[in-house]
Amino acid sequence: MAPRPILIDTDPGQDDAVAILLALAARDTLDVLGLTCVAGNVPLEKTALNARRICDLAGRPDLPVCAGCDRPMGRALVTAEHVHGQSGLDGPDLPAPQMPLHPAHAVDFLIDTLRAYPPGTVTLIALGPLTNLATAFGRAPDITGRLREIVLMGGAQAALGNVTPVAEFNIHVDPTAADIVLRAGVPVVMVPLDVTHKALVTPARNAALRALGTPVGHAVADLTGFFERYNPVRYGAEGAPLHDPCTIAWLLRPDLFASRHVNVTVETQSDLTLGMTVMDWWGISDRAPNTTVLHDIDADGFFDLLTERLATL
Ligand code: BDR
Ligand code: CA
């Protein structure tokens, strides 16, 4: 079977970087058509720089990397340097990128790429705030019908929030965009904190990545090692949640996850609960299911997959 074409919208971010590397390490299964960058963990200038540092590390300077929206829809940008460091990619000592930025705006690149592929073939992976996607859907409504599906890291149910008591970062930064994407009629797979907080980089898992002994293995161990310092303090967990790579792992090994098709609606108004993803787990409302929500993961299987795949880069 031909590799599945995917576009990755991202705000790197250490965990975004690992997700990108995992996708690039799966060339037999995934055909990465390009990376589109958005403001999120750090401002756009840095996310566009970091995405190229990762492509260089993976030996893929040929990939189109585009810069997109520099702020959420109708509100100020919230960033997360307290988690990711000032660069967004603190940890390893990665050089400045050699590869150039693609000249197209990310939104134009998304629209043009989706129109160039047969309908129902391209999967969109969203690892940051959904601003680029929602802007593209607004400008070119025809592209929603051309997507195979969207797999997004974002939201929370029982895990509750990581940026407010009830909201996850990617959704909270641009709830208007998330609302547009969830209402677009495209099949959505959501990877919320409920799953990613079970994908913890323990010291043993970090050591296995470092033991690969390759530049990629060392970089990923340093990336996840840096990320590690924040979450155990906050959540009392035995390691940092590796959020974004769960999206790629789901494409490669859906059998590692459990899911449920439910209605998800985003709170866009309330100051108290802005960006909360309200999941109708028991079908209590009359809102039709619109999202496949992942809720469990075989974490050992996930880290085995990650380590095996990264060994090939
Ligand atoms: C999400 O927010 C970012 O900090 C991470 O890169 C991930 O995409 C987790 O809430
Ligand atoms: Ca991210």
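Start by selecting the calcium ion, ligand 2: along the sequence its donor residues follow the spacing D-x4-D-x110-L-x116-D. Donors here are N, O and S atoms within 2.8 Å of the metal (3.2 Å for Na, K and Ca), and since water is not among the atoms, sites may look incomplete. Now show Asp11 (OD), Asp16 (OD), Asp16 (OD), Leu127 (O) and Asp244 (OD), the protein donors, which lie 2.2 to 2.6 Å from the ion. Leu127 sits in the loop between β4 (122–126) and α5 (131–139) and Asp244 in the loop between β8 (240–241) and α12, so this pair ties together parts that are 117 residues apart in sequence. Helices (H or I, at least four residues) and strands (E, at least two) are DSSP runs, numbered from the N terminus.

A word on what you are viewing: this is a predicted model, where local features need pLDDT of at least 70 and side-chain atom pairs count only at pLDDT 80 or more, while totals for chains, interfaces and linings use all residues. Residues are numbered from 1 along each chain as its sequence is written, chains are lettered from A and ligands numbered from 1 in the order in which they are written, and side-chain values use heavy atoms, with hydrogens and water left out.

Next, select Pro12 and Gly13, which are joined by a cis peptide bond with omega of about -10°. Gly13 belongs to the loop between β1 and α1.

Move on to ligand 1. Which residues are around ligand 1? Among them are Asp15, Asp16, His84, Leu127, Asn162 and Asp244 (near means a heavy atom within 4 Å). Two helices, α1 (14–24) and α6 (169–173), each give at least two residues to this shell. Look for the polar contacts (pairs of N or O atoms within 3.5 Å): a polar side-chain atom of Asp15 is 2.6 Å from an oxygen atom of ligand 1. For His84, the distance from a polar side-chain atom to a ligand 1 oxygen atom is 2.8 Å, and for Asn162 that distance is 2.8 Å. The protein buries 97% of the 280 Å² that ligand 1 exposes when taken alone (Shrake-Rupley method, 1.4 Å probe).

Technical notes. Polar contact = N/O pair within 3.5 Å; in protein donor to acceptor, adjacent residues only side chain to side chain.
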